Amino acid sequence: MAGRPHYYLAFIGVVPEAQGKGYGADLMRHTLKKADERDVECYLECSRETNVPFYQKHGFAVWRQWRANESAPISWLMHRPKKSDTAQSEATSTTATVTE
């Protein structure tokens, strides 16, 4: 993503006692709405495997697993395409389905 406009979601989290109440999803929707308005892609690094499905629900996909060294924990590097790329991909997918 070097050189391309993007949002890097460095820290999004909710304190444990407030988890499961939709606050994290609200934060994510707010941030992704801004990214969509600017038509930029998003990138984040997830440090907990249990959180990967949360980000996937918001359109992110794992594109790489990474660890600094053998004893370091794994991070899931995740990417969400910009809105115009997603719309184009969906249109292509729909066209392919219709023509088959």
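Here is a short chat about a predicted model and its helix α1.

Me: Hi! What kind of model is this, and which residues count for local features?

Reply: The model is predicted: local features need pLDDT of at least 70, side-chain atom pairs count only at pLDDT 80 or more, and totals for chains, interfaces and linings use all residues. Residues are numbered from 1 along each chain as its sequence is written, and side-chain values use heavy atoms, with hydrogens and water left out.

Me: Cool. Which residues in α1 are buried?

Reply: Gly 24, Ala 25, Met 28, Leu 32 and Ala 35 are buried in α1 (buried means under 20% relative accessible area, exposed over 50%, partly exposed in between, with a 1.4 Å probe and protein chains only). Helices here are DSSP runs of H or I with at least four residues, strands are E runs of at least two, and both are numbered from the N terminus.

Me: Why do they line one face of the helix?

Reply: Seen down the axis of α1, the buried residues fall within an arc of 90 degrees, so they line one face. That arc is taken from the directions from the helix axis to the C-beta atoms.

Me: And what sits on the face turned away from the buried side?

Reply: The exposed residues His 30, Lys 33 and Glu 37.

Me: What covers the buried residues of α1?

Reply: The cover includes β1, β2, α2 and β4, with contact meaning heavy atoms within 4.5 Å.

Me: New topic: what does Phe 60 touch?

Reply: Leaving out residues up to four places away in sequence, its contacts include Met 28, Leu 32, Leu 44 and Met 78.

Me: Last one: which residue follows α1?

Reply: Asp 39, and its phi is positive, near 50 degrees.
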